Amino acid sequence: MRELKLKWLLLGVLIDSIAMSSVWPLTTIYMNQELGHSLVMAGIVLFLNSVASILGSFVAGRLYDKYDSYYLILGGIAFTWISFFTLIFFNGWPVYPIVLVLIGFGTGWIVALNNSMGTSIKSKDGRYVFNMLYFVQNLGVMLGTAIVGVLFKHSVTPLFTIATIMFTVFFIVAFFTYRIPQEDRPAQVVQEDDHEKTKMPKVNLTIIMAFFISLVIMWIFYQQWNSTVSIYMLKLHIPLRLYSFLWTVNGLFILIVQGLLSSKGGRLLKDPYHQVYLGIAFFTLSFGILAVAHEYYHFVIAMIVLTIGEAIAFPSIPAIVNSLSPYDQKGKYQGLASAFPSAGRAIGPLVGSMIIESTSFVFLYSLGLFTILIVLVVIAFIIEGTKRKAILYESNKKDSL
């Protein structure tokens, strides 16, 4: 049976990640310093960008289960290409923020479809596939953010030009390699009536929703590294360049951990649920370190521990969701697996700033420690009590755990 080759899917994800991450880091700086708008306005634009991404993920995931993913991905790439092309010539106010929101929709659409198409690759273990997708996506983030540092000199035109070129290449790659004849598309059932869909087992849905809610909570606190941590470090008289270096550390350790996991087929532990627990435990510990940090090396250690946690847990969750999703609903749940983290990213900066205004930075990071610890305990309690009753849909036949 023919299927989409993983190498072509990974190439597409890499191109998309480089292009996207060469644009989003400069939003706040460009709007504040070049367009003359407040940080609050920049925050609102980023929030709307995240909301649009949620919508794009949700819609694309639902459509994947009903229509040919080949045309859906080409449409998403073309839509995003038009958005970037527009910004080459019109990047002032209010075109810039409006098109940025449209790009958010395209981002969510493409990410959801990439993950959904990953579920159709049966020649590789699911955990290996999603581990590689996560690895390549973060490699793209490292390369894209490096491009920003080199090319952004008070003008966004070169960056949008590069993004447009890269999406042209992405379209060509998808056009020639993502096509799978309808009769060969594995386990992607086209249904005219939603009532004809396979019924999702209640146990599977319980586990999946537990993961989705935990992703929202973890991303709310993860976003503090993008928003409040830089301010906290400045208050401790740690220069901004050293804060920027933390993200180099983040990217480096993601590549190291993901490289290790990839060499083991994505399996650090035999039980994928235990692998998620381990990742969340590291995630929790990082906020404990952050809560007591007052020297720069404390922040470096906290970032390393955080990165190890995310690199272990985050790729494992969509792989588990894939195995628990019926064949004709995999797109729907992969879309939600992309949408829920986007929700956490959208509200994280707002939640963090509100807590800091009424309490303190230390209280916020301590709250992160205890909240994520509670998340770990709750999902472990739910999953360990139900996972043996779950139905697996990852192979060509249903298996019970």
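In this predicted model, the largest nonpolar core comprises 62 residues, and those with the most contacts inside it are Phe211, Trp225, Leu246, Phe299 and Phe314. At least two residues of this core come from each of helices H8 (202-222), H9 (228-235), H10 (240-263), H11 (272-291), H12 (296-313), H13 (316-324), H14 and H15 (361-386). The greatest contribution is that of H8, with 12 residues. Phe299 offers a helpful view of the packing: leaving aside neighbours within four places in sequence, its contacts are Trp225, Val229, Tyr232, Met233, Leu236, Ile238, Leu246, Leu290 and Ala293. Another core, of 54 residues, lies apart from this one and includes Leu4, Tyr70, Ile110 and Val129.

Helix H7 is a good place to look next. It covers residues 157-177, and its 21 residues should span 30 Å at 1.5 Å a residue; the end C-alpha atoms are 30 Å apart, so expectation and model agree. Along H7, the buried residues are Leu159, Phe160, Ala163, Thr164, Met166, Phe167, Phe170, Val173, Ala174 and Thr177. In an α-helix there are 3.6 residues a turn, so residues three or four places apart point the same way.

The surface has a nonpolar feature of its own. Val40, Ile44, Phe47, Leu48, Val51 and Ile347 form a patch there, with about 470 Å² of accessible area together. Helix H3 (residues 39-64) gives the most to this patch, with 5 residues. Ile347, in turn, belongs to helix H14 (residues 330-358). With a relative accessible area of 32%, Ile347 counts as partly exposed.

Definitions and conventions. Residues are numbered from 1 along each chain as its sequence is written. This is a predicted model: local features need pLDDT of at least 70, side-chain atom pairs count only at pLDDT 80 or more; totals for chains, interfaces and linings use all residues. Side-chain values use heavy atoms; hydrogens and water are left out. Helices (H or I, at least four residues) and strands (E, at least two) are DSSP runs, numbered from the N terminus. The expected span of a helix is 1.5 Å times one less than its number of residues. Buried means under 20% relative accessible area, exposed over 50%, partly exposed in between (1.4 Å probe, protein chains only). Patches are made of residues with over 30% relative accessible area and no salt bridge: like charges are joined within 9 Å, nonpolar side chains (Val, Leu, Ile, Met, Phe, Trp, Tyr) within 5 Å. Accessible areas come from the Shrake-Rupley method with a 1.4 Å probe; for residues, only the protein chains shown count as cover. A salt bridge is a side-chain nitrogen of Lys or Arg within 4 Å of a carboxyl oxygen of Asp or Glu. A nonpolar core is a set of buried Ala, Val, Leu, Ile, Met, Phe, Trp, Tyr and Cys residues joined through side-chain atoms within 4.5 Å. Contact means heavy atoms within 4.5 Å.
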